[in-house]
Amino acid sequence: MELHADFTQRVLIHTSDMDWTPSPMPGVDRRMLDRIGEEVARATSIVRYAPGSKFSAHRHDGGEEFIVLDGTFQDEHGDYPAGTYVRNPPTTAHTPGSDQGCTIFVKLWQFDPDDRTQFRVEMDSDLTGDTVRSKVLHHDARETVRFISMVPDATLAEIPSGGAEILMIAGSATECGDRLNKGTWLRLPEGAPISLTAGGEGAKLWIKTGHLPFAAAPNV
């Protein structure tokens, strides 16, 4: 399967308008945003766990990063409440699920194969800045991942190297005439500028830059 696999194109998806499709595991549904591959895939998705659902134990040969959007995600390593950012690098394994139900934004097979740094961090804390406050969640030679909180009418303007990917977590914003609401996913190709203006309630967003030149199908 190839879905939005041309990384030279701008893609904007209002994920709240999408239907849920079932995964191979009962009680776990997803909204696919981009994908190269079948069940083993370089993939970006919104995944919803029904209360009491879980995946069987598995290993992440290509790495996994995710944000908990609502509810509490769980595995044998602990509980991950909404607002948590998690990186599980290649070779890590777990048995994910949720007793009460949760929704996550997850990216698979998008790590440096040699990355072995596993961590979790609360996104909306220890921010720096004034009208545009931010926190670096992760940085390496391939990418930079940030959480950004903007006051109403604030503007984020930059030209990131290596493209950009944005998920609106709360509030709203406009970008190139398009309105981004909670759950909107935007991918900008390499060389494209970001010009994002927060709406009247402000905006909170997750943003990754620099990574698109490394996009490729899993080597399995």
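These are my notebook entries on what I looked up in this structure, which is a predicted model.

**Entry 1: strand E22 and its partners**

I started with strand E22, which covers residues 194–209. I wanted to know which strands pair with E22. E17 pairs with E22 in the antiparallel sense, over seven bridges. In that pairing I found Phe147 standing opposite Trp206 of E22. E18 also runs antiparallel to E22, and four bridges join the two. There, Thr155 has Thr197 in E22 as its bridge partner. E19 pairs with E22 over 10 bridges, again in the antiparallel sense. Ile166 stands opposite Ile207 of E22. I also jotted down a reminder for reading strands: in a regular one, the side chains alternate between the two faces of the sheet.

**Entry 2: the cores**

Next I went looking for nonpolar cores. How many residues are in the largest nonpolar core? It has 18 residues. Met150, Ile194, Leu196 and Leu205 are the ones with the most contacts inside this core. The elements giving two or more residues to this core are E17, strand E19 (164–175), strand E21 (184–188) and strand E22 (194–209). E22 turns up again here, since the largest share of this core, six residues, comes from E22.

I then clicked on Leu196 and listed what it touches, skipping its neighbours within four places in sequence. Its contacts include Met150 and Leu205, both of them also on the list of residues with the most contacts inside the core. Leu196 is also in contact with Ala154, Thr155, Leu156, Ala173, Thr174, Glu175 and Leu180.

There is a second, separate core too, with 16 residues. Leu33, Leu127, Leu137 and Leu167 are among them.

**Entry 3: aromatic rings**

I looked up the aromatic pairs and found seven in the structure. I picked the pair of Phe105 and Trp206, whose ring centres are 5.1 Å apart. Why is this pair edge-to-face? The planes of the two rings are at 65 degrees, and over 60 counts as edge-to-face, so the pair gets that label. The pair links distant parts of the chain: Phe105 belongs to strand E13 (residues 102–108) and Trp206 to strand E22, 101 residues apart. Both rings belong to buried residues: Phe105 has 2% relative accessibility, and Trp206 has a relative accessible area of 1%.

I also wrote down an aromatic cluster, formed by Tyr49, Phe55, Phe66, Phe73 and Tyr80. Another ring to look at is that of Phe111, because the charged end of Arg87 sits over it, 4.2 Å from its centre.

**Entry 4: cysteines**

How many disulfides does the structure hold? I found zero. I looked at two cysteines anyway. Cys102 is buried, because its relative accessibility is 2% and the cut-off for buried is under 20%. Cys176 is exposed, because 64% is over the 50% cut-off.

**Entry 5: two buried polar residues**

I turned to Thr15, in the loop between strand E2 (11–14) and strand E3 (21–22). Is Thr15 buried or exposed? Thr15 is buried, with a relative accessible area of 4%. Apart from neighbours within four places in sequence, Thr15 is in contact with Arg31, Leu33, Ile46, Gly183 and Trp185. I recognised Leu33 from the second core.

Then I checked Asp29, in strand E4 (residues 28–37). Its relative accessible area is 19%, and buried means under 20%, so Asp29 counts as buried. With the same kind of neighbours left aside, Asp29 is in contact with Trp20, Thr21, Pro22, Ser23, Ile46, Val47 and Arg48. Ile46 is on this list, and it is on the one for Thr15 as well.

**Entry 6: positive phi**

Last, I looked up residues other than glycine with a positive phi. Thr91 has a phi near 85 degrees. Where is Thr91? I found it in the loop between strand E10 (84–88) and strand E11 (92–94). Thr91 counts as partly exposed, at 36% relative accessibility.

Asp153 is not a glycine either, and its phi is positive at about 70 degrees. Asp153 is in the loop between strand E17 (144–150) and strand E18 (155–158). Asp153 is exposed, with a relative accessible area of 58%. That brought me back to my first entry, where both E17 and E18 pair with E22.

Key:
Residues numbered from 1 in each chain as written. Predicted model: local features only at pLDDT ≥ 70, side-chain atom pairs only at ≥ 80, totals over all residues. Heavy atoms only, no water. Buried < 20%, exposed > 50% of the residue type's maximum accessible area, 1.4 Å probe, protein only. Contact = heavy atoms within 4.5 Å. Disulfide = S-S within 2.5 Å. Core = buried A, V, L, I, M, F, W, Y, C linked by side-chain atoms within 4.5 Å. Pairing = 2+ DSSP bridges. Phe/Tyr/Trp six-rings, centres within 6.5 Å; stacked < 30°, edge-to-face > 60°. Lys NZ or Arg CZ within 6 Å of the ring centre and 35° of its normal.
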